[in-house]
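Student: I would like a close look at a single part of this model, taken slowly and with the contacts spelled out. Could you walk me through the strands and then the helix that packs beside them?

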Amino acid sequence: MAERKSLAAKVTYRETGEADRAQVRALQEAVYDGSIAALCDAMIFGSEETLSLVAELDGQVIGQILLAPVSGPERALALAPHAVLPAWRDMQIGTELVRHALKLARHRGWRSVFVFGQPDYYRRFGFRSRTADCADVTWQGPRFLALELEEGALAAWSGPLDYPESYLAVALSVRR
Ligand SMILES: CC(C)(COP(=O)(O)OP(=O)(O)OC[C@H]1O[C@@H](n2cnc3c(N)ncnc32)[C@H](O)[C@@H]1OP(=O)(O)O)[C@@H](O)C(=O)NCCC(=O)NCCS
């Protein structure tokens, strides 16, 4: 375990590139299924502005995170999927992926992020269910959380949150 922890410290977190394409797809097929992997592949490498990061160790993609735009509040993203290969879990790699992704999102001028997932996990980054209450979606509840990247980004907004149709399947079907 000590050896694996020291290896985890050598992990690089960076934006996904074309050269990662096959490995990202294989990772998502391993963690989720082929249809989710195909939807994500189209989003990451399509024309839409998405934010995708990988965790890489010695040339191997061992984790990946995707944030994609949703319509509603100005410059809002949804986070999904977020995956680490089973052999590398519980070593803070997933946490670092989220931290790096949120930092980059802020830097790029995104103002808020929504996620449907395990509240105890995403709370550590500042995601709160009450912050997402402003969104009029059928999956409202304790597992639906939001984070303001810019203070007050969601304070004066309420209304429907529209996910691209293909992305909705990803955002709601992958959950810890
Ligand atoms: C979710 C996932 C990406 C996390 O990656 P990871 O590298 O294992 O996560 P980390 O090591 O950074 O964090 C582990 C922490 O989560 C906690 N945790 C584990 N299971 C948990 C659960 N069911 N609920 C809440 N917290 C949990 C651990 O106790 C640990 O806490 P600590 O940091 O206080 O020690 C990974 O488990 C995964 O790929 N899961 C399958 C896909 C998935 O469900 N993705 C999320 C939805 S998009």
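Tutor: In this predicted model, L57 has Q60 in β3 as its bridge partner. That bridge belongs to the pairing of β2 with β3, which is antiparallel and runs over seven bridges. The two strands form a hairpin with two residues between them, and in that turn D58 has a positive phi of about 50°. β2 also pairs with strand β1, residues 12-15, again in the antiparallel sense, here over four bridges; within this pairing, E15 is matched with L53 in β2.

From the strands we can turn to helix α2, residues 21-31, where V24, L27 and Q28 are buried. These three lie on the same side of α2, because they cover an arc of only 95° around the axis. The general background is that an α-helix has 3.6 residues a turn, so residues three or four places apart point the same way. On the face of α2 turned away from the buried side sit the exposed residues A22 and A30. As for what the buried side meets, the buried residues of α2 pack against β2 (51-57) and β3 (60-70), the two strands of the hairpin, and also against β4 (76-84) and helix α3 (34-45).

The packing of α2 with α3 can be described further: the two helices meet at an angle of about 145°, their axes are 8 Å apart, and their crossing is right-handed. On the α2 side the residues involved are R21, V24, R25, Q28 and E29, and they meet G34, I36, A37, C40, D41, I44 and F45 in α3. V24 and Q28 therefore appear both among the buried residues of α2, which share one side of the helix, and among the residues that meet α3.

Helix α6, residues 165-173, offers a second case, with Y167, V170 and A171 as its buried residues. Seen down the axis of α6, these fall within an arc of 95°, so they line one face of the helix. The cover over them includes α3, β3 and β4, together with β5 (112-116).

Finally, the largest nonpolar core has 51 residues, and the members touching the most others are L67, L77, A78, V113, F114 and V115. Leaving aside residues up to four places away in sequence, L77 touches L51, L67, A68, P69, V70, A105, W110 and V113.

Technical notes:
Residues are numbered from 1 along each chain as its sequence is written. This is a predicted model: local features need pLDDT of at least 70, side-chain atom pairs count only at pLDDT 80 or more; totals for chains, interfaces and linings use all residues. A nonpolar core is a set of buried Ala, Val, Leu, Ile, Met, Phe, Trp, Tyr and Cys residues joined through C-beta atoms within 7 Å. A residue is buried if 20 or more other C-beta atoms lie within 10 Å of its own, exposed if 12 or fewer, and partly exposed in between; C-beta atoms are placed from the backbone. Two residues are in contact if their C-beta atoms, placed from the backbone, lie within 7 Å. The arc is that of the directions from the helix axis to the C-beta atoms. Two strands pair if DSSP finds at least two bridges between them. Axes are lines fitted to C-alpha atoms, for helices over the stretch in contact, and angles run from 0 to 180 degrees between N-to-C directions. A crossing is left-handed if the near helix is turned anticlockwise from the far one by less than a right angle, and right-handed if clockwise.
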